[in-house]
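Hi everyone, thanks for letting me take a few minutes of the meeting. Please have a look at the sequence and the structure on the screen, and then we'll walk through some of the details together.

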Amino acid sequence: MAFETRITELLGIRYPIIQAGMSWASSNAELAAAVSQAGGLGVIGAGPMYPDDLRAAIRKVKATGRPFAVNVPLYNKRAAAFLDLVLEERVPILIASQGGPKQHLARFKAAGVKWLHVTASPAHARKAEAAGVDAVIVVGVEAGGHPAPDEVGTLVVVRAVCKAVSIPVIAGGGVADGAGIAALFCLGVDGVQLGTRFLLTPESNLHPAYKAAALAAGIAGTTLVGRGKLPIRVLKNDFTGEYDAAERRGGSADELKTIYDGSSLKLAALDGDVARGKVEVGQSAGLIDELVPAGELVARLVAEFDRAAARLAALRPAAGTT
């Protein structure tokens, strides 16, 4: 992967590999630091953190001397404090999600912060581009956590966004190895984001039971819960079974809400209750069978990409064709 893209140039990273900002999983310094030191872009997931903890994590990752980012969900009740911290601590890159960028961009541009915005569709990507963001991130329905409500697959939504905007595009959803990275580059992206693959590393900040459940999953081991509102992709477990059964029998909105609200990501990620908690992982969990240290993983992804790219380069026209 000895090549430059608009994303490597924009962010100052060696490889166009971005570790997703995952609530709980990357809400620490260790994962982001390891990815950044290996040449990718490490991301601290601010979502569940308190400001003092976020400040400490930023300073630890900053000490590596490598580019890194903080992911801030703009709907979060602590979002304003998180954004202030990004500026105070001179974080070089912000990844914003679940909210509009327009009201914030001026002060971040003035501070030289690169703003990457998570978008759900070509229309959202165009709005973010018009607002002035530096790049957009888009993932397909295969992704863990909260994919777009319209449930469009990665191949389609990524290609549509690449055609819709002129700024750099980072894409993900269903990617677990270098072959998946190569596939997305064929669609026209400038960088690739991996979530579940980096979730399954020793450095990710998750309960061991969570990681074990994800490693044991097959490619059909996840489901979407909460369709029609804000869907979430999670491992199938007792919680999803109860929710699905209530949906099938036509349960009321109140009943579904009670079941949905009775579970949480924290229950699985922090407490290790993988039967009743929301175990957020993507379909790519079925392609992963071991925990790999994050720095070693980046090197492995690069080697896998190089093999996939060499295979593509070796393709030749069939005899008798031009």
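I'll talk about a strand, some ring pairs, the nonpolar cores and a few loop residues. One thing to keep in mind from the start is that this is a predicted model.

Let's begin with strand S6, which covers residues 135-139. How many of the residues of S6 are buried? The answer is 5 of the 5, so the strand is largely enclosed by the rest of the structure. Here is a bit of background for the first-years: in a regular strand, side chains point alternately to one face of the sheet and then the other. Now look at the two faces of S6. On one side we find Ala 135, Ile 137 and Val 139, on the other Val 136 and Val 138, and all of these are buried. In other words, both faces of S6 are covered.

Which strands pair with S6? One is S5, residues 114-119, which runs parallel to S6 and is joined to it by 4 bridges. Within that pairing, Val 138 of S6 stands opposite Thr 119. Another partner is S7, residues 169-172, again parallel and again with 4 bridges to S6. If you follow Val 138 over to S7, its bridge partner there is Ala 171. So much for the bridges; now for the helices that come with these strands. S5 and S6, together with helix H6 (residues 122-131), make a right-handed β-α-β unit. S6 and S7 make a right-handed β-α-β unit as well, with helix H7 (residues 154-164).

Next, the aromatic rings. The model has 4 aromatic pairs. One of them is Phe 239 with Tyr 243, a tilted pair with 6.4 Å from centre to centre and 55 degrees between the planes. Where do these two residues lie? Both are in helix H11, residues 238-248, and they sit 4 residues apart, about one turn of the helix. Phe 239 and Tyr 243 are both buried.

Tyr 243 also pairs with Tyr 260, this time edge-to-face, at 6.2 Å centre to centre and with 65 degrees between the planes. Tyr 243 belongs to helix H11 and Tyr 260 to helix H12 (residues 253-261), so this pair ties together parts that are 17 residues apart in sequence. Tyr 260 is buried, just as Tyr 243 is. Put the ring pairs together and you get a cluster of Phe 239, Tyr 243 and Tyr 260.

While we're at Tyr 260, have a look at Lys 278. Its charged end sits over the ring of Tyr 260, 3.9 Å from the ring centre. You can find another such arrangement at Tyr 50, where the charged end of Arg 78 sits over the ring, 4.6 Å from its centre.

Now to the nonpolar cores. The largest one has 83 residues, and the members that touch the most other members are Ile 44, Val 70, Ile 181 and Phe 198. Which helix gives the most to this core? That would be helix H14, residues 294-314, with 7 residues. Let's zoom in on Phe 198. Leaving aside neighbours within four places in sequence, its contacts include Ile 17, Met 22, Leu 31, Ala 294 and Leu 301. There is also a second, separate core of 13 residues, and among its members are Ile 7, Leu 11, Ile 93 and Ile 137. You have met Ile 137 already: it is one of the buried residues of S6.

Let's finish with three loop residues. Thr 201 is found in the loop between helix H9 (196-199) and helix H10 (208-216). Is Thr 201 buried or exposed? It is buried, with a relative accessible area of 0%. Beyond residues up to four places away in sequence, Thr 201 touches Leu 31, Lys 211, Leu 291, Val 292, Ala 294 and Leu 297.

Trp 24 is in the loop between strand S1 (17-19) and helix H2 (30-37). Its phi is near 75 degrees, a positive value in a residue other than glycine. Trp 24 counts as buried because its relative accessible area is 18%, and the cut-off for buried is under 20%.

Arg 90 lies in the loop between helix H4 (79-88) and strand S4 (93-97). Arg 90 is not a glycine either, yet it has a positive phi of about 55 degrees. With a relative accessible area of 73%, Arg 90 is exposed.

Notes: Residues are numbered from 1 along each chain as its sequence is written. This is a predicted model: local features need pLDDT of at least 70, side-chain atom pairs count only at pLDDT 80 or more; totals for chains, interfaces and linings use all residues. Side-chain values use heavy atoms; hydrogens and water are left out. Buried means under 20% relative accessible area, exposed over 50%, partly exposed in between (1.4 Å probe, protein chains only). Two strands pair if DSSP finds at least two bridges between them. A crossover is right-handed if, with the strands pointing away from the viewer, the path from the first strand over the helix to the second runs clockwise. Rings of Phe, Tyr and Trp (its six-membered ring) pair if their centres lie within 6.5 Å; planes under 30 degrees apart count as stacked, over 60 as edge-to-face and the rest as tilted. A charge sits over a ring if NZ of Lys or CZ of Arg is within 6 Å of the ring centre and within 35 degrees of the ring normal. A nonpolar core is a set of buried Ala, Val, Leu, Ile, Met, Phe, Trp, Tyr and Cys residues joined through side-chain atoms within 4.5 Å. Contact means heavy atoms within 4.5 Å.
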